[in-house]
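Subject: Structure for you to look over

Hello,

Here is the structure I said I would pass on. My notes on it follow below.

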Amino acid sequence: MILVLAFFGSLIPGTILFLWLRGQKDMRPGYQRFCSRALVGGILSVIGAFLLSTAFSIIFKLTGVKELDPLLYRFLHMMILIAFSEELMKFLVMKKAVKGEEHSWFEYAVFMAITAMGFGLSEAIPYAFEGGAIHMFVRGFTLMHTSYGFIIGYFYGKTKKTGQKIYGIIGFLIAWLLHGLYDFSLSDEFEALNDNLVFIPFLLTFISAVMIIVFIRFVRKRRNDPKYTELA
C-alpha cells in the first residue's frame with residue numbers, strides 16, 4: 001500500500017509542472033500541441049532507450065568489456081548503457097516530436113524538458129516494483145530527468161539561435177555526465193570505494209533540484225523575451 005501511494009505521489013510534481021508548462025498563456029499557435037507531442041514522445045522513448053542499451057550490451061559482451069575490472073565496467077555500464085542511451089534517445093525523440101516547424105530557443109528548452117519528463121514518468125513504473133518508497137519520492141520530487149532535459153534543450157536552443165553547434169554538444173555532455181555520475185554513485189562498486197563518498201549522490205540530487213528551480217525561473221522570466229521567443 002505504501003509503495004502504491006509513493007508511486008502515485010511521485011507522479012504529482014511532474015504532472016503539475018507539465019500542466020503549468022503547457023498552460024503558459026500568450027504562446028504562439030501550436031505550442032500546446034507540441035508540448036503534448038513531446039510528452040508522449042518522451043513516454044515512448046523508453047522503448048528506444050532499452051533497445052539502444054541492449055545493443056551496447058551486446059557490443060560490450062563481444063568486445064570483452066565485461067571482463068574488465070568490476071569498478072571500471074560498472075562505470076562504463078552506467079555511463080554508456082544507461083546514461084548515454086537514455087539521453088541520446090530522449091534528444092532524438094524530442095527532435096522528431098517537434099519536427100515540421102521552426103521553434104524558438106525558449107520552446108526547445110521547454111520541449112526537451114517535457115520529453116525528459118515523459119521518460120521519467122514511464123521509468124517510474126519499473127521503479128515502483130524495484131525501488132523503495134523513499135527512492136520513488138526522491139525521483140519524483142527532484143525530477144532528475146527533467147533537469148537533464150532542460151540542460152540539453154537550453155543549449156540546443158542556443159545552438160539553433162546562434163548556429164554554433166558547440167553549444168548543443170556542451171549541453172549534451174553536461175547532462176550525460178551528471179546523469180552517468182549519479183547512476184554510478186548509487187552502484188555497489190562505487191559505495192565500496194570509500195564511505196566518505198556517500199555525499200556524492202546527495203550532491204548530484206541537490207544539483208538536479210536546483211536545476212528545476214532554474215528551469216522554472218527561466219520559463220517565468222524568458223517566456224516574453226524576444227531573444228528567447230523569436231523563431232530560431
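A residue counts as buried under 20% relative accessible area, as exposed over 50%, and as partly exposed in between. Please keep in mind that this is a predicted model.

By that scale R22, which lies in helix α1, is partly exposed because its relative accessibility is 32%. Leaving aside neighbours within four places in sequence, R22 is in contact with Y31, Q32, C35 and S36. F56 sits 34 residues away from R22 along the chain, and 35 Å separates their C-alpha atoms.

Next, the interior. The largest nonpolar core has 41 residues, and the members that touch the most others are L21, V110 and F111. Two or more residues come from each of α1 (2-22), α2 (31-63), α3 (70-97), α4 (105-130), α6, α7 (165-185) and α9. The biggest contribution is that of α4, with 10 residues. What does F111 touch, leaving aside its neighbours within four places in sequence? Its contacts are Y31, F34, C35, A38, M94, V98 and H103. Y31 and C35 are thus on the contact list of F111 and also on that of R22. There is a second, separate core of five residues, among them F56, F60, V65 and Y73. In general, nonpolar side chains in soluble globular proteins tend to be buried together.

Helix α6 covers residues 144-162, 19 in number. From its first C-alpha to its last it reaches 27 Å, close to the 27 Å expected at 1.5 Å a residue. Of these 19 residues 14 are buried, so α6 is largely enclosed by the rest of the structure. T159 lies in this helix and counts as buried because its relative accessibility is 10%. Apart from neighbours within four places in sequence, T159 is in contact with Q164, K165, Y167 and G168. Just after α6 comes G163, with a positive phi of about 80 degrees.

Last, the surface. Which residues form a nonpolar patch there? They are V198, F199, F202, L203, F206, V210 and V214, and together they have about 670 Å² of accessible area. V198 is placed in the loop between α8 (188-191) and α9 (199-222). With a relative accessible area of 51%, V198 is exposed. As for the spacing of such residues, an α-helix has 3.6 residues a turn, so residues three or four places apart point the same way.

Regards

Terms used: Residues numbered from 1 in each chain as written. Predicted model: local features only at pLDDT ≥ 70, side-chain atom pairs only at ≥ 80, totals over all residues. Heavy atoms only, no water. Patch = residues over 30% accessible without salt bridge, like charges linked within 9 Å, V, L, I, M, F, W, Y side chains within 5 Å. Areas by Shrake-Rupley, 256 points an atom, 1.4 Å probe, with all protein chains shown as cover. Salt bridge = Lys/Arg side-chain N within 4 Å of Asp/Glu carboxyl O. Helix = DSSP H or I, 4+ residues; strand = E, 2+ residues; numbered from the N terminus. Buried < 20%, exposed > 50% of the residue type's maximum accessible area, 1.4 Å probe, protein only. Expected span 1.5 Å × (residues − 1). Core = buried A, V, L, I, M, F, W, Y, C linked by side-chain atoms within 4.5 Å. Contact = heavy atoms within 4.5 Å.
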